[in-house]
Amino acid sequence: MSRDADDVNKLTESTYKNVMEQFNPGLRNLVNLGKNYEKSVAAMTLAGKAYFDAVSKIGETASVSPVSRELGVVLMEISDVHRKVHLELEENFKRFHREIIAELERKTEMDVKYMTATFKRYQSEHKLKQDSLERSQTDLKKLRRKSQGKQATKYEIKENEYLETISSRQSEMQKFIADGCREALLEEKRRFCFLVDKHCMFSNYVASFHEKAKELLAVKLPSWQDKCSDVTNVPDTVMSMIEGLRTPMSGTPESSPLAARNNKNNRDMMAPPPAPQLKAQISPLANMFNQDVPRTSITSTSTSDHNSGMTDGGSVSLSPAVSLASGLNVARKPRVRTIFPHKAGNNDTLLSFDEGDIIVLLIQEEKDGWLYGELEKNRQRGWFPSSYFTCMTGVGFLCISRGGNPFATVKLRPTVTNDRSAPLV
């Protein structure tokens, strides 16, 4: 057999071995990985459904609000669209399993048997043809040894017959090797074509899925964004109700300035009730989205006046007029604005207020997180948590270092305590 035929035969054998030892085991691994892929996508879609079900429930809660009804409807629509997207994704992976994974698993088992039998048949036929050619060549050599030194013409006819037989068998051998190599290479290419074709099909499914998902979302997305473009927009019915509460009643008489001053002086002379001994409840939203910022010491607009009354030795010297006006002078106390509502419940030592109320601080030093003050709108006094107010600018207002809270309007649960310790004012 010539060198070219031997090289082609080696290429044929290596092609069969590559299919059996690399391609088919690779397909088995691909099947296992494909099943894991399916499980991962199934888990993702399941988690996505649970997530958007929760979004829908929040939307149902918002849909009963007088100001957030439209946003609740948007949340439910978003949840519904994403559920459709997840259903479409599930359908695509059902096709992936049916048309790729199942087919690969079935064909791989069949192909292992087929390629093993085909390779053995090729090797067997190649060996038979090779042995036949070698026998003819051996017989020719023997004949030539006999014809040496004897009658050459006697063996010439037989020698020509052997040469023709050898030439014929060599041609058959070369044709067999060429056909076998071509068949082996085509068998390899068929398998790679099958794999490429299946994944092109899956790629088309994925592209179709993304087009459908884009279409579902693109139709609704602009209207969803319009609904949340203006946070300050409030329905007219709600605004009219709110404005109606802000308008004072014409029949309410104004109190006498003298009576108000007397009542104010009487309140200043009253001692505050006992303060709770336990630490005040810190607002659960006050520092949710802000890092802990050390709080500055509380200052008021009367600091300069206080410092001007100190002697060089550090003692306080008050003029007679100042001494007469000392105590809980509310007009000179700093004020703060509340950012959360607080309910006193059954505890009459605590102060109830709403968000945005102004409180005059009567005791500026915290006691376990509590401050004592007077509510400006109704002159009620009591203890309140020190984390429930924010900085205000202007004369007489208290400023503290505090980060803003994005959910400042969330209603908190009421603070309840039965503590009864009291500082002296």
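These legends walk through several close-up views of one predicted model.

Residues are numbered from 1 along each chain as its sequence is written, and side-chain values use heavy atoms, with hydrogens and water left out. Since the model is predicted, local features need pLDDT of at least 70 and side-chain atom pairs count only at pLDDT 80 or more, while totals for chains, interfaces and linings use all residues.

**View 1. The whole chain, helices and then strands.** The chain has seven helices and five strands. Here helices (H or I, at least four residues) and strands (E, at least two) are DSSP runs, numbered from the N terminus. Follow the sequence and you meet the pattern α-α-α-α-α-α-α-β-β-β-β-β. The chain has 425 residues, and 31% of them count as buried. For the record, buried means under 20% relative accessible area, exposed means over 50%, and partly exposed is in between (1.4 Å probe, protein chains only).

**View 2. The sheet from edge to edge.** Five strands make an open sheet, and their order is β4-β3-β2-β1-β5, with antiparallel pairing. At the edges sit β4 (381-385) and β5 (389-390), each pairing on one side only. Two strands are said to pair if DSSP finds at least two bridges between them. Strand β1 (residues 335-338) and β5 run antiparallel and are joined by two bridges. If you want a spot to look at, T338 has F389 of β5 as its bridge partner.

**View 3. Strand β4, covered on both faces.** In a regular strand the side chains alternate between the two faces of the sheet. In β4, R381, W383 and P385 lie on one side and G382 and F384 on the other, and all of them are buried. That makes five buried residues out of five for this strand. Its antiparallel partner is strand β3 (residues 370-375), and the two share five bridges. One of the pairings matches L371 with F384 in β4. The hairpin of β3 and β4 has five residues between the strands, and there R379 takes a positive phi near 65 degrees.

**View 4. A salt bridge inside helix α1, and R28 further along.** The structure holds 22 salt bridges, each being a side-chain nitrogen of Lys or Arg within 4 Å of a carboxyl oxygen of Asp or Glu. One of them joins D6 to K10, with the closest N and O atoms 3.8 Å apart. Both residues lie in helix α1, four residues apart, or about one turn of the helix. D6 counts as partly exposed because its relative accessibility is 28%. R28 is also placed in helix α1 (residues 3-63), and with a relative accessible area of 36%, R28 is partly exposed. The C-alpha atoms of R28 and I101 are 9.9 Å from each other, though the two residues are 73 apart along the chain.

**View 5. A salt bridge between helices α2 and α3.** E70 and K227 form a salt bridge, their closest N and O atoms being 3.9 Å apart. This pair links distant parts of the chain, with E70 in helix α2 and K227 in helix α3 (residues 152-227), 157 residues apart. K227 counts as partly exposed because its relative accessibility is 39%.

**View 6. A salt-bridge network with buried members.** E187 and R191 form a salt bridge whose closest N and O atoms are 2.7 Å apart. They are about one helical turn from each other because they sit four residues apart in helix α3. E187 and R191 are both buried. Through shared partners, salt bridges tie D111, E183, E187, R190 and R191 into one network.

**View 7. T116 on helix α2.** T116 sits in helix α2 (residues 69-147) and counts as partly exposed, at 29% relative accessibility. Its side chain reaches the backbone oxygen of V112 at 2.7 Å. The C-alpha atoms of T116 and Y16 are separated by 8.4 Å, with their positions 100 residues apart along the chain.

**View 8. Cysteines without a disulfide.** Search the whole structure and you find zero disulfides (pairs of cysteine sulfur atoms within 2.5 Å). C193 is partly exposed, at 44% relative accessible area, and C200 is partly exposed too, at 42%.

Definitions and conventions:
Polar contact = N/O pair within 3.5 Å; in protein donor to acceptor, adjacent residues only side chain to side chain.
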